[in-house]
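Visitor: I'd like to look at this protein with its ligand and ask how each description is reached. Could you show it to me?

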Amino acid sequence: MKTAEIAIVGGGPAGMCAALVAAKQGAKVTLFDSSKILGGQLIKQTHRFFGSEKEHAGTRGIQICAMLEEEIRKNENIELHLDATVLAAYEDKIIAYEEGDKYEKMACKKVIVATGASEKMLAFGNNDLPGVYGAGAVQTLMNVHGVVPGQKVLMIGSGNIGLIVSYQLMQAGLKVEAIIEAAPTIGGFKVHASKVRRMGVPILTSHTILEACGTECVEGAIISQLDEKWSPIPGTEKRIDVDVICLSVGLSPLTELFWQVGCEMKHISPLGGHVPVRDENLETTVSGFYVAGDASGVEEASAAMIEGKIAGLSAAASLGYDQNYAMLRKEYLEDIGILRSGPVGEKIRQGLQILAG
Ligand SMILES: Cc1cc2nc3c(=O)[nH]c(=O)nc-3n(C[C@H](O)[C@H](O)[C@H](O)COP(=O)(O)OP(=O)(O)OC[C@H]3O[C@@H](n4cnc5c(N)ncnc54)[C@H](O)[C@@H]3O)c2cc1C
């Protein structure tokens with residue numbers, strides 16, 4: 001059986017930062033990602049990041065990814081396994097993974113799970129027609145593979161992801177016919193909403209999709225206005241001709257490995273679903289298993305990076321690599337506190353309070 005001091009599952013911003021911090025402290029790290037390309041969500045984010053300056057706000061996601069990847073590849077303490085999916089984890093810190101055509105087992109001293117999140121689906125008629133996409137899939141198609149999903153788009157959801165992907169669709173030459181939002185107010189930042197509105201895209205709040213039209217693929221969508229109880233108002237149905245329906249209705253943390261090892265889990269709506277209970281060092285209730293990033297609750301890349309640093313630092317310190325531990329821990333905890341302060345962090349603060357309570 002192979003061995004590792006610290007195994008990290010997931011090479012997004014959380015996993016990459018966990019690996020770098022733990023390796024710089026002196027620990028031997030093995031970093032796994034099921035994709036052939038390192039970086040998680042960052043590889044498709046061509047827009048400049050918002051968030052904290054320390055976590056590269058103002059820089060494009062793809063550039064942040066390139067900088068972190070370069071550091072990782074140069075670090076001799078990090079062994080990188082791409083196209084390698086961790087399929088199982090056990091309480092005694094053995095993990096099983098698939099790499100190429102081989103199944104391997106690895107005995108680890110510590111495991112950090114930074115598997116990210118998956119996109120939520122929405123129930124409506126014909127939602128399995130070709131042409132109904134998740135916003136993340138549309139971003140991957142366009143920004144990684146250079147393929148546009150169609151010509152005319154209906155975006156469902158006005159959070160930051162829905163607004164940013166709408167803008168990127170227009171940059172790629174598609175027409176966004178409308179963005180609809182079930183809530184009475186726009187979910188994302190005003191700056192993103194104003195940008196798409198200036199380009200002529202209507203944002204219809206208190207609206208939902210009832211049905212996708214078409215037989216072989218999407219040809220249109222029936223939308224409707226919602227009342228204050230979020231029920232469709234009869235008589236307000238309207239057809240919009242589109243060939244793409246893009247869903248941006250939230251993400252759920254990917255937590256299968258925590259369930260497998262028997263971590264205590266709680267369903268916390270503001271964090272996006274079930275998440276593992278953990279302490280301030282991000283260690284779960286199963287000793288030696290840590291969580292970081294969207295897997296701990298859906299947030300954003302800046303938070304994922306800081307959480308990765310906290311988990312990497314904690315795991316390394318528990319193995320005796322504890323140089324400047326107190327100082328670095330204080331710094332990272334302060335950074336995450338600042339990031340989550342103010343109105344933008346309200347939902348996360350609320351979620352963390354419920355988790356702690
Ligand atoms: C359209 C869009 C725009 C965004 N814009 C911003 C922004 O401007 N600013 C910002 O701060 N945030 C932004 N975000 C949010 C940000 O991208 C995420 O919060 C962040 O990527 C989460 O990082 P992560 O490392 O936790 O997860 P991810 O980036 O999702 O990475 C998880 C990685 O784990 C791998 N993985 C999963 N399971 C396994 C397994 N079993 N074995 C091996 N590997 C596995 C996946 O392949 C993936 O590479 C945006 C998100 C989207 C979708």
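Guide: Gladly! Let's begin with the domains, whose bounds come from an automatic or database domain assignment. This is a predicted model, and its chain is divided into domain 1 (2–118 + 251–356) and domain 2 (121–247). The C-alpha centres of domain 1 and domain 2 lie 31 Å apart.

Visitor: How do you know how many residues of domain 1 are in contact with domain 2?

Guide: Contact means heavy atoms within 4.5 Å. By that test, 9 residues of domain 1 touch 11 residues of domain 2. Joining the two domains buries about 800 Å², with carbon and sulfur atoms giving 66% of that area. On the domain 1 side, Lys44, His47 and Phe50 lose the most area to domain 2, together 59% of what that side buries.

Visitor: Now the ligand. What makes the pair formed by Asp33 and an oxygen atom of the ligand a polar contact?

Guide: The cut-off is 3.5 Å between N or O atoms. A polar side-chain atom of Asp33 is 2.6 Å from a ligand oxygen, so this pair falls within the limit. The backbone takes part as well: a polar backbone atom of Val86 is 2.9 Å from a nitrogen atom of the ligand, and a backbone N or O atom of Asp294 lies 2.8 Å from a ligand oxygen. Of the 1,000 Å² that the ligand exposes when taken alone, the protein buries 91%.

Visitor: Which residues are the closest to the ligand, and how many surround it?

Guide: There are 31 residues around the ligand, and the closest are Asp33, Gln41, Val86, Asp294 and Ala301. This shell divides into 13 nonpolar, 14 polar and 4 charged residues.

Visitor: Where does the shell come from?

Guide: Domain 1 and domain 2 each provide at least three of its residues. Among the elements supplying at least two residues each are α1 (13–25), β4 (84–89) and α7 (301–318).

Key
Residues are numbered from 1 along each chain as its sequence is written. This is a predicted model: local features need pLDDT of at least 70, side-chain atom pairs count only at pLDDT 80 or more; totals for chains, interfaces and linings use all residues. Side-chain values use heavy atoms; hydrogens and water are left out. A residue is near a molecule or strand if one of its heavy atoms lies within 4 Å of it. A polar contact is a pair of N or O atoms within 3.5 Å; within protein, one must be able to donate a hydrogen and the other to accept it, and residues adjacent in sequence count only if both atoms are side-chain atoms. Accessible areas come from the Shrake-Rupley method with a 1.4 Å probe; for residues, only the protein chains shown count as cover. Helices (H or I, at least four residues) and strands (E, at least two) are DSSP runs, numbered from the N terminus. Ala, Val, Leu, Ile, Met, Phe, Trp, Tyr, Cys and Pro count as nonpolar, Asp, Glu, Lys and Arg as charged, and the others, Gly among them, as polar. Buried area is the accessible area (1.4 Å probe) that two parts lose on being put together, summed over both.
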